[in-house]
Amino acid sequence: MSLPDRATLESSNLQALKRAESENNKTLTQKANYSLARFYRQEGEYEKAIPYYLKFLEAKRELSVYHGLAWNLAELANLYFHAGQYSTAIPICREAILKMNEYGRTADVISILDQMAVCSWKNDDTTVAQLEFNEAEASYNKSVSLESLKQQKYILDAQYALMLDHWADMSQSIGSRAESEKLSSKSATIWRKLRQENSLPANAVKAEIVEALAEKYCRKKKPFQAEALLDMLLEMPTANRSQLAATVRKLEHDCLSMRAEHAEQSNEYIEKFNSLKSRQDCFDNRQILCQKYAWSVPNEGAINVLLNHQPLIEVGAGTGYWASLVRKKGGQIIATDILPAPSKGNHWHNLAGSSWTEVLPGDETIVRQYPDKTLFLSWPPETNRCAYNALSLYKGNTLIYVGEGAGGCTGTKEFHDLINREWHLIKQVEIPQWTGVYDMLYVYARNKPIENLDNSITVNEANKFLGLQLAESAKKSPVVLG
């Protein structure tokens with residue numbers, strides 16, 4: 001299938017913007033401005049892209065849509081950077097990094113720090129640039145050590161290798177030849193490894209490697225990861241920018257086509273997720289879909305894992321969407337939430353009209369009643385101790401957790417510390433990830449299994465709660481003790 005040429009695409013984007021403005025439709029105007037900015041960026045016409053991107057951000061603020069703002073700022077800084085406006089780009093990069101760090105998005109600051117370092121270098125401030133390159137390297141090292149970022153490994157490696165190339169160029173320019181050679185050698189090692197691990201010819205150049213990686217993520221039905229690589233491809237020098245832009249657009253189209261072929265029956269959420277065409281679509285729609293369905297996107301592989309470990313007790317079930325998929329397949333699950341959707345006060349699911357299945361009201365202490373069931377926790381907040389309390393009180397031997405790893409946006413530090421101390425990972429399953437989110441499904445087993453899985457209290461507990469006289473009777477009566 002042939003795609004529209006440059007002139008046709010530009011004309012259709014301009015017409016879409018004109019139509020949205022004439023209808024005074026702010027949402028469509030926002031999207032049209034973004035599409036034009038992205039189109040001109042792909043074509044390498046950065047000066048043209050900037051005003052449309054600024055209008056896009058202005059419309060986003062008017063609509064009070066803040067999700068994805070950090071990534072949007074990074075994109076704006078990139079436009080100023082390529083337009084040669086380094087002093088303008090630097091503070092925007094800093095703001096983007098601050099917002100990324102607020103959410104613990106260590107992996108996403110690598111390319112921004114790299115870009116900011118190059119801006120500092122171009123502004124003749126190589127001392128600051130050196131610090132920023134070092135910080136980018138530290139972010140890379142931390143990111144590749146995280147289990148939840150394994151899906152991003154090739155993206156992180158390519159970003160790091162490009163950063164090393166820029167660092168080597170700067171070192172060469174200031175006369176640090178030995179440092180430049182050292183950095184170039186590290187970069188060459190990574191590019192060589194990427195060629196070998198992806199069965200590419202030894203003479204494949206960097207742009208060909210990045211393109212091949214993007215195609216690989218497309219085949220794995222991961223279009224947003226592929227999009228990140230295609231954006232990286234646009235950062236590479238080329239003699240024919242229009243041809244590169246056409247290649248990127250074709251790859252984006254092919255990627256979405258492959259994804260459309262992958263459908264799952266009886267999972268309305270994943271169908272809507274798969275209909276999103278870009279990372280920006282993710283930012284625009286995530287809040288709505290997460291509140292209506294769940295904060296993590298279940299797929300068939302994840303539901304099958306739950307079925308293999310039933311019966312289940314779920315704490316913090318929200319709308320009950322995960323539980324509804326388990327029950328549709330005949331699985332046994334007790335779903336609970338302190339404020340089942342659509343209860344007033346449940347701000348996590350303000351937009352949910354109803355629950356997808358029965359969700360019983362109850363706090364995390366309910367796990368004490370079900371030591372024989374697998375504990376299921378999906379996207380517990382990082383802002384309260386619900387998950388930690390549930391896991392501390394749970395006397396069973398199997399935990400299924402959906403979320404990010406330690407330092408991410410789910411679960412408190414003490415929750416992750418408890419997992420590290422008393423549990424070990426036995427299985428992990430990839431699930432569809434929202435842009436900028438690195439969640440997975442993890443199955444854990446207790447390090448020291450508890451053999452007696454009854455919920456009776458001990459004699460000491462009986463003494464405490466019943467008093468000595470009743471406790472004596474309890475010793476003789478399992479019914480009373482229970």
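A residue counts as exposed when its relative accessible area is over 50%, and as buried when that area is under 20%. With that in hand, welcome to a set of close-up views of a predicted model.

**View 1. Asp-124 sits in the loop between H6 and helix H7 (126-144).** Asp-124 has a relative accessible area of 71%, which is over 50%, so Asp-124 is exposed. Its backbone is worth a look too: phi is positive here, about 65°, although Asp-124 is not a glycine.

**View 2. Asn-24 is found in the loop between helix H1 (6-22) and H2.** Here again the residue is something other than glycine and has a positive phi, near 55°. Asn-24 counts as exposed because its relative accessibility is 63%.

**View 3. The whole protein chain, for orientation, has 20 helices and seven strands.** Stepping back for a moment, the C-alpha atoms fill a box of roughly 90 × 60 × 40 Å along the principal axes. Of the 482 residues in the chain, 51% are buried. Among contacts with a separation of 6 or more, 64% are made by residues 24 or more positions apart.

**View 4. Helix H4 covers residues 69-82 and is largely enclosed by the rest of the structure.** From its first C-alpha to its last, this helix of 14 residues reaches 20 Å, close to the 20 Å expected at 1.5 Å a residue. It is described as largely enclosed because 12 of its 14 residues are buried. Among those buried residues are Trp-71, Asn-72, Asn-78, Tyr-80 and Phe-81. What surrounds them? The cover over the buried residues of H4 includes helix H2 (26-42), helix H3 (46-62), helix H5 (86-102), helix H6 (110-122) and helix H14 (279-292). Just after H4, look for Gly-84, where phi is positive at about 80°.

**View 5. H4 packs against H5, with axes that come within 8 Å of each other.** The two axes cross at roughly 160°. Since an angle over 145 degrees counts as roughly antiparallel, H4 is roughly antiparallel to H5. The crossing of H4 past H5 is left-handed. On the H4 side, the residues that meet H5 include Leu-69, Trp-71, Leu-73, Tyr-80 and Phe-81. On the H5 side, the partners include Tyr-86, Ile-92, Cys-93, Glu-95, Lys-99 and Met-100. Sorted by class, the contact of H4 with H5 has 15 nonpolar, one polar and two charged residues.

**View 6. H2 and H3 make another helix pair, with their axes 8 Å apart.** They pack at an angle of about 155°. That makes H2 roughly antiparallel to H3. H2 passes H3 in a left-handed crossing. The residues that H2 brings to the contact include Lys-26, Gln-30, Asn-33, Tyr-34 and Arg-41. From H3 come, among others, Tyr-46, Lys-48, Tyr-52, Tyr-53, Phe-56 and Glu-62. By class, 10 nonpolar, two polar and six charged residues take part in the contact of H2 with H3.

**View 7. Ser-296 lies in the loop between H14 and helix H15 (300-308).** Is this loop residue buried or exposed? Ser-296 is buried, as its relative accessible area is 0%. Setting aside residues up to four places away in sequence, Ser-296 touches Tyr-269, Trp-322, Ser-378, Trp-379, Val-402, Ile-431 and Asp-439. One of these deserves a second glance: Ser-378 is 82 residues from Ser-296 in sequence, yet their C-alpha atoms are 7.3 Å apart in space.

**View 8. Ser-324 belongs to helix H16 (residues 321-328).** This serine counts as buried because its relative accessibility is 6%. Leaving aside neighbours within four places in sequence, Ser-324 is in contact with Trp-356 and Thr-357.

**View 9. Cis peptide bonds lead into Pro-311 and Pro-342.** The bond from Gln-310 to Pro-311 has omega near 0°. You can find Pro-311 in the loop between H15 and strand S1 (312-315). For the bond that joins Ala-341 and Pro-342, omega is about 5°. Pro-342 is in the loop between strand S2 (333-337) and strand S3 (360-361).

Terms used
Residues are numbered from 1 along each chain as its sequence is written. This is a predicted model: local features need pLDDT of at least 70, side-chain atom pairs count only at pLDDT 80 or more; totals for chains, interfaces and linings use all residues. Side-chain values use heavy atoms; hydrogens and water are left out. Helices (H or I, at least four residues) and strands (E, at least two) are DSSP runs, numbered from the N terminus. The expected span of a helix is 1.5 Å times one less than its number of residues. Buried means under 20% relative accessible area, exposed over 50%, partly exposed in between (1.4 Å probe, protein chains only). Contact means heavy atoms within 4.5 Å. Axes are lines fitted to C-alpha atoms, for helices over the stretch in contact, and angles run from 0 to 180 degrees between N-to-C directions. Angles under 35 degrees count as roughly parallel, over 145 as roughly antiparallel, 65 to 115 as roughly perpendicular and the rest as oblique. A crossing is left-handed if the near helix is turned anticlockwise from the far one by less than a right angle, and right-handed if clockwise. Ala, Val, Leu, Ile, Met, Phe, Trp, Tyr, Cys and Pro count as nonpolar, Asp, Glu, Lys and Arg as charged, and the others, Gly among them, as polar.
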